[in-house]
Amino acid sequence: MTESLFFVFAAMAIVSALMVILNRNPIYSAVSLVITLFSLAGIFLLLEAYFLAVVQIIIYAGAIMVLFLFVIMLLNPGKEAKFLSPTNPRILIITLLSIAFIGMIFTLVSGTANYIGEAASSTGDLGTTRNIGLTLFTKYLLPFEIASLLLLVSLVGAVLMTKRNLR
Amino acid sequence: MTPPLEYYLWFAALLFVIGVAGVLLRRNVIIVFMSIELMLNAVNVTFIAFSRQMNNIDGQIFVFFVMTLAAAEVAVGLAIIVAMFRNKESINIEDMNLLKW
Amino acid sequence: MLIDIAIIIIKIMIVIGGIITTVAYLILAERKVAGFIQERYGPNRVGLWGLLQPIADGVKTLLKEDITPARANRIIYHLAPAMVLAPALVTFAVVPFGSGIDAFGRHIAFQVADIGIGILFIFAITSIGVYGVVLGGWSSNNKYSLLGGLRSSAQMISYEIALGLSVIGILLLTGSLRLNDIVEAQIGMWNVFRQPVAFLIFLVAVFAETNRLPFDLAESEQELIAGYHIEYSGFKYSMFMLGEYSNIITASALIVTLFFGGWTVPFIDVTKFGYWGAFLSVVSFAVKTGFFLFLYLWVRWTLPRFRYDQLMHLGWKVLLPLALLNLLFTAAWITYA
Amino acid sequence: MVNSTLILVWLIPLFPLIGFLLNGIFGKRLGDKAVGIIGSGAMLFSFVVSGYLLLNYLALNQVGAEFHSTLFSWISVADLQLSVSFQVDSLSLMMAVMVTGVAFLIHVYSIGYMHGDGGFARFFSYMNLFSFMMLVLVLSDNYILMFLGWEGVGLCSYLLIGFWYEDDKNASAGNKAFIVNRIGDFGFLLGALLLFVTFGSFQYSEIFSQLDRFSVGDGTITAITLLLFVGAMGKSAQLPLYVWLPDAMAGPTPVSALIHAATMVTAGVYMVARSSFLYVLAPTSMTVIAVVGVATALFAALIALTQNDIKKVLAYSTISQLGYMFLALGVGAFSAGMFHLLTHAFFKGLMFLAAGSVMHALANEQDMRFMGGLRKKIPKTFITFLIGALAISGIPGLSGFFSKDELLWQAYSSPAGGFWFWLVGAVTAGLTAFYIFRLIFLTFYGEARWKPETHAHESPNKMTLPLIILAFLSVVGGYIGVPALLGGDNRIHYYLEANLAKLPVDAAAHQSHSLEFILMGISVLIAIAAIYLAYVFYVKRRELPELAAAKFKRAYNLSFNKFYVDELYDYLFVKRLITISKWLWNKFDVRVLDGMANGAGKLITVTGWYVRTVQSGLVSGYALSLFIGSLLMIGYYFFR
């Protein structure tokens, strides 16, 4: 069950991720990315990261991607010129490099479990809100606060930069 | 039947490379940004997969922070894109070449 | 096993059927209420008191020509209405609409899915709802619809924060994200009395989230003619309407669940009365939800529309700080009392 | 050590330093009077302190005692531990007293001599700086601090020779002095470094205490001593590096008196004497020194015979006398050399100052052919000059007599000496008496040959008073070293020898008193005969010099043209250097060096031209390189 779900989600994620980078229309790319994020949320659920799965949707799909859409619509860039051409050396190089990267990573990660041991038995409450919250507000309190500062800074920065008249 | 860790890692690597290829191939800054999000998410998958593998919550906390970072990055990045568009009337990454000699 | 699946399917059908029916009559009710408020009759030709009017409307929209603008982005143009409707229906899945009964040797909760992170699930799904509006507005290739879509996206993001923050107070009091837990925690004392400020914020934010007056800038007839669904017609148009009203129903149900005790009946422990008790709880839930549906209509015909800057001002400079203060006080109260 | 007053040794160089700083920084604003007072006052204080210390030292009654006073750590690198520290013993105290005393007198003289000069304050600050450096040189207790003073006096010498730098000739004279001295300094530095390599220290006492492990004639020691002597040759103007000194007379006359007669040029002598413990281990070096010294003495005296410039005569005389001192050092009579150094400082300083007084009287005329008959016009100058001349000629009773005869006797009798040394020395003594009295007669006797409009007048008291004091010292200065032969106890030898090395005494070499008497008599007779000859030549029969010059034309021309040494150097070194330099300039510099510099620039331009395309500003380009980089890193693990 879990395995077949994984394959379904993974296939969805991969296909839609490919759509993200291959679509010439940015809106399609954005929508494809939303689908990828949803699939990832599903995979998170399979990995017992319940809280993160939901947060993935709320933050990524609900906020970040809406922002992307907003900007795309605001700027309305239109379709990009045709960029995929097998004769273009740049694209050839990038494709080859990517294949090399994938090949090496695949070989390298194979047998990772041999190093770090078999999967620990599931306790069922690994990624619950309670657990995440407890860890976040005890062990990772300082990073959490710093992250909030980061968000504040980026907020101010974003407002400043998009403001037309800085006065 | 839970899929083994390798599956998740392979999947994440694939997603990551797709993101990389997007960054390198595309000329639209917004798409490039989205590809970066793809890469971030691929990393998140590995984090969570390892977290599950070791039954350790820390990996998920990292994912939480990555998301925070992504949110901040997108906010600032999109603001830059908007400001750039106002100046150059373009979101083609090749027009954003002020950072040179 | 088979029975479980059957039960789930039945529950889904009941919820969807209930919502669709409610939507149909909500539209009628809206017209009636509008007539009442404006001292006129409203629809009264089809059937007794115009009760068959929704069926007539449905048939009409189904039979209307479905126009697709020539320069529209076809795929997304067709997808958008579904993207509005689906989240609205899905959200209701986690709302408990009754106490539940014991049948077939098992406890059947009156709730499609009882998940531990219910409230988060709701936020997740409602945050998706904006896509339909935005993409619909964009794909129509009409500047009014595009503006409507843009407004809608900004508005949703802005009010979602206040919405989420206002709920956190309740979560702090309850200590759980499960909606059933939240409902059961309100036996004896509704949250609205414990969190009045949160309720106000939630109410206002939820109005904005559902794009209802006084926050319906995405479709505001006077400036954008009809906003994001200006180019839609026929069945797709009715799907937008369906989605909007489903959202209203879900929102009302949510308000009831979070602040007004959900399916509980004041002073009566419905779980002790078996099937009748369950029935009573459903009625209680329906009555409360009905009141808020009426409130929606009432407000629509009472308050004028906000200007866009006023909308943003209210969201960011009033509701957000207020929600934060409320959260702060709640946290302090829980910590020190 | 116990005696706390000797710790005050640092005060001696301190006063000139303060004077230098005051005059150097505020000189222009202080006014000439204050500048003169500060400059001379600093030297007076310094002199008083050194005199006081000398008295204290003598009062200790500890012959050969050494005191060290460390001021602060100077250089501390790995094994090299250097501190600024001074050594007080009879040698350094004698030098300090001599330097400060003579310097004080010359400072006072300068107030008068430099009166009205535009660079009055500059002059005094340089003079103070020079005194400071000289005192550092003589008081230092290690070779590096000595080298600091050594270079410092060289610098001041350069600055003061070219004091009137508006005149190109003066500036190039300064250059010449500086460059020739560089050769010597290079030798000194090499020697000092070799010392450090050999002994692991620069400090005299530490070096000398390790000398037990070296036998006489050791190669390293010989090399060190020869290198050090190269330094001394430069600074003390010995053959073949003497050429700078005559030109150095371009500087103001007090400078010539102080630096180029009394003090700085004796630094080489002092240094060799200071290193006497090393030199006694290197007989070869000793012989070299003695030969160079005696050759220089004779050579310079021959040149002095025919020179017409009053200061040039004195300059060659100085070279000659320095040669004497090195002769003494070379034969192992270190104390005799130092004694002559002391008396020479008195009478040569005196004669320079007197010559300056003459020039002052004749509006800076330096050519003796345009002098004459000044005896009556400037009597004080004349008498003092005469005393100096008698002293240098070795007339009995004056200081020069004692030191010179001690020196000549040692040259003959010392185990390292010999008859030929004595003979050349004695001949040189005769030549000295002759040219110095030639100078006297040409300047003060006969008819006046100066321009009639020149108003010859006696110098002011500020100038004549130092002359008188120095004349007094020239007379009595020798009595601290009256040899036992004449009933004295030779105190200066007694004290100096305790701090100097002695040659291993060969009992058989002991000479009889009668021989000493005879030699003394011979040299005195030579001197008197020479004076008489000069009288005949330049007073009685004025036509004789020209006749002689005509008769020995080639010899005369050789002497008059200073044996063409300058021309030889010019031909051997300067011309070659210019040729090489021109070649270097035209070929090496323009093509290779400029080519390299320009090529480097061009290379960077071209490289930059290509490399900057990498810096395209295109984000995807950067991203691609980032990706390739990460790929390489992963590849490392993959293919490892």
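Visitor: How many salt bridges are there between chain A and chain D?
Guide: Zero. A salt bridge here is a side-chain nitrogen of Lys or Arg within 4 Å of a carboxyl oxygen of Asp or Glu. This is a predicted model, in which local features need pLDDT of at least 70 and side-chain atom pairs count only at pLDDT 80 or more, while totals for chains, interfaces and linings use all residues. Residues are numbered from 1 along each chain as its sequence is written, chains are lettered from A and ligands numbered from 1 in the order in which they are written, and side-chain values use heavy atoms, with hydrogens and water left out.

Visitor: Which classes of residue are on chain A's side, where chain A touches chain D?
Guide: Six nonpolar, two polar and no charged residues. Ala, Val, Leu, Ile, Met, Phe, Trp, Tyr, Cys and Pro count as nonpolar, Asp, Glu, Lys and Arg as charged, and the others, Gly among them, as polar.

Visitor: How much area is buried between chain A and chain D?
Guide: About 830 Å², with carbon and sulfur atoms giving 93% of that. Buried area is the accessible area (1.4 Å probe) that two parts lose on being put together, summed over both.

Visitor: Which residues in chain A lose the most area to chain D?
Guide: Leu97(A), Phe101(A) and Met104(A), which together make up 60% of what that side buries.

Visitor: New topic. How many residues of helix α10 of chain D are buried?
Guide: 10 of the 10, residues 253-262, so the helix is largely enclosed by the rest of the structure. Buried means under 20% relative accessible area, exposed over 50%, and partly exposed in between (1.4 Å probe, protein chains only). Helices (H or I, at least four residues) and strands (E, at least two) are DSSP runs, numbered from the N terminus.

Visitor: What do the buried residues of α10(D) pack against?
Guide: Several helices of chain D, including α3 (90-113), α4 (120-139) and α5 (143-161).

Visitor: And the loops: which residues does the cis peptide bond in chain D join?
Guide: Leu239(D) and Pro240(D), with omega about 0 degrees. Pro240(D) lies in the loop between α8 (219-235) and α9 of chain D. Most peptide bonds are trans.

Visitor: What about Ala237(D), buried or exposed?
Guide: Ala237(D) counts as buried, at 0% relative accessibility. Ala237(D) is in the loop between α8 and α9, and its phi is near 55 degrees, a positive value in a residue other than glycine.

Visitor: Where is Glu39(C)?
Guide: In the loop between α1 (2-37) and α2 (53-63) of chain C. Glu39(C) has a phi near 55 degrees and is exposed, with a relative accessible area of 77%.

Definitions and conventions:
Contact = heavy atoms within 4.5 Å.
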